[in-house]
Amino acid sequence: MNDTTVDCCADPSQKLLSLEQGRQRILDAVPAVADHEQLHLHAALNRVLAEPVVSAIDVPPFANSAMDGYAIRHADSANAALCTLTVAGESFAGRPFDGQLESGQCIRIMTGAVMPDSADTVLMQEHVERNGEQIQFAPANVRAGENVRHAGEDTRAGQQVLEPGKVLGPSELGLLASVGVGEVRVRRKLRVAFFSTGDELTSVGTPLRHGQIYDSNRYALYGLLSNAGVDFHDLGVIPDQRDAVRKAFQQAASIADLVLTSGGVSVGEADFVTETLEELGEINFWRMAMKPGKPLAFGKLGDAVFFGLPGNPVSVMVTFYQFVLPAIRKMRGEQARDPLLFEARCANSLKKAAGRAEFQRGILQRDADGSWVVSTTGLQGSHVLSSMSHANCFILLAAENTGVSEGDSVLVQPFSDF
Ligand code: AMP
Ligand code: MG
């Protein structure tokens with residue numbers, strides 16, 4: 001692991017690490033899980049492909065009709081103002097016409113049905129007049145080859161359809177099935193263990209005593225990790241005691257590839273997370289030039305990757321999205337991808353001091369002219385968890401930004417990117 005920033009842990013006054021530096025160091029340091037397993041498509045949703053998938057067949061496997069209508073030989077309709085053909089049979093999806101199409105004939109055909117050998121064009125039934133076994137149409141309106149889907153038009157036999165690192169979503173499961181692949185080799189699931197630290201924390205279901213608050217971080221993390229497609233173990237709330245934190249660290253590291261904690265990473269007297277990480281593992285850095293989320297511990301605990309997230313609930317979510325999720329994606333074996341960022345007009349003025357990048361919470365929508373406009377959710381304290389629920393995006397303000405005036409253009413990252 002990169003140890004160039006270890007010093008900053010001993011000296012908190014040292015320069016803060018920029019977001020980009022932090023993210024890059026994390027990505028450089030985390031390994032991807034190596035183990036694979038073979039899974040049926042039903043079990044493979046949201047898993048990461050370990051090997052390329054090559055199609056053994058053409059898709060579609062045969063030329064077929066894109067419309068309900070009549071398959072014809074286009075040459076039959078040349079030079080006539082009105083063309084008449086005889087219906088010689090029918091081709092339905094799954095029930096091909098097995099005869100030979102002669103000149104002057106056509107075949108009643110349905111969408112997805114096999115094109116008869118010598119037919120090359122399909123007339124839409126709406127463009128045809130049918131009388132008994134005869135059809136009539138105006139050839140001027142017919143383009144040779146229209147309404148035919150060719151064999152291999154979507155995928156060719158021998159073609160790679162999916163590459164390693166691809167996350168198998170609904171489209172991929174459908175695509176795999178379309179090429180006849182029923183099982184795939186995927187990376188094994190990442191194992192994550194997490195716990196909250198803090199004497200003030202009470203779990204839901206128990207009445208609060210004076211001075212206590214409910215532990216919300218474990219529930220937010222439960223949701224974040226569920227959506228991230230990992231296996232996880234919730235190790236509960238650990239009190240602010242050196243021994244208890246040490247024991248929880250050891251247990252977590254023994255069962256997980258990735259350990260997440262929240263709280264206890266500041267320099268307060270009851271903050272044992274960084275200290276324990278220094279004692280049991282390796283620590284990389286813990287002060288990021290960002291808001292919210294400045295205190296962040298990152299390092300190794302045995303073979304496990306460790307993130308000590310801040311305690312404040314919004315900071316937990318911001319640091320998860322900005323650092324932990326990219327790390328999880330790499331550890332799961334996913335292909336790297338850039339964040340989805342775009343510009344929007346800001347409907348409010350925003351206060352901001354130079355120095356740290358900020359992730360303010362915003363509500364992004366289209367205005368009456370159809371252009372993107374983002375408004376603030378209001379109070380931006382890192383304890384105001386309701387701001388995350390009201391928001392649908394982050395408003396990204398660069399470290400050097402010194403405030404936004406109403407109407408300024410700002411960068412936004414929709415939550416759907418996560
Ligand atoms: P700490 O970093 O432990 O000093 O915590 C910073 C702030 O976050 C304090 O106000 C804590 O009470 C709060 N906090 C820490 N952990 C949690 C949690 N699991 N759920 C909700 N708030 C928390
Ligand atoms: Mg605490």
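**Salt bridges, a one-sided helix and a surface patch**

Arg242 is partly exposed, with a relative accessible area of 38%. In this predicted model, that arginine pairs up with Glu275 in a salt bridge, and the closest N and O atoms sit 2.4 Å apart. The two partners come from distant parts of the chain: Arg242 belongs to helix H5 (residues 242–255) and Glu275 to helix H6, with their positions 33 residues apart in sequence. Glu275 is partly exposed too, its relative accessible area being 29%.

Right beside Glu275 in sequence comes Thr276, also part of helix H6 (residues 273–280). Thr276 counts as buried because its relative accessibility is just 1%, and the cut-off for buried is under 20%. A polar atom of the Thr276 side chain lies 2.5 Å from the backbone oxygen of Phe272. Leaving aside residues up to four places away in sequence, Thr276 touches Val245, Arg246, Phe249 and Gly281.

Back to the charged pairs: the count comes to 16 salt bridges. One of them joins Asp58 to Arg156, with 3.6 Å between the closest N and O atoms. Here again distant parts of the chain are linked, as Asp58 is in the loop between strands E2 (53–54) and E3 (64–65), while Arg156 is in the loop between strands E10 (148–149) and E11 (160–162), 98 residues apart. Both ends are partly exposed, Asp58 at 22% relative accessible area and Arg156 at 45%.

Another salt bridge brings together the side chains of Asp367 and Arg345, at 2.4 Å from N to O. Asp367 sits in the loop between strand E23 (357–366) and strand E24 (372–376), whereas Arg345 is in strand E22 (residues 342–346), 22 residues apart. With a relative accessibility of 34%, Arg345 counts as partly exposed. Elsewhere, Asp35, Arg188 and Asp257 are tied into a network of salt bridges.

Helix H2 (residues 19–29) has a buried set made up of Leu19, Gly22, Arg25, Ile26 and Ala29. These residues cover an arc of only 140° around the axis, so they end up on the same side of H2. Glu20 and Asp28, on the other side of H2, are exposed.

On the surface, Val204, Leu208, Tyr214 and Tyr219 make up a nonpolar patch of about 370 Å². Of these, Tyr219 is found in helix H4 (residues 217–227). Its relative accessibility is 40%, so Tyr219 counts as partly exposed.

Key: Residues numbered from 1 in each chain as written. Chains lettered and ligands numbered in written order. Predicted model: local features only at pLDDT ≥ 70, side-chain atom pairs only at ≥ 80, totals over all residues. Heavy atoms only, no water. Patch = residues over 30% accessible without salt bridge, like charges linked within 9 Å, V, L, I, M, F, W, Y side chains within 5 Å. Areas by Shrake-Rupley, 256 points an atom, 1.4 Å probe, with all protein chains shown as cover. Salt bridge = Lys/Arg side-chain N within 4 Å of Asp/Glu carboxyl O. Helix = DSSP H or I, 4+ residues; strand = E, 2+ residues; numbered from the N terminus. Buried < 20%, exposed > 50% of the residue type's maximum accessible area, 1.4 Å probe, protein only. Polar contact = N/O pair within 3.5 Å; in protein donor to acceptor, adjacent residues only side chain to side chain. Contact = heavy atoms within 4.5 Å. Arc of directions from axis to C-beta.
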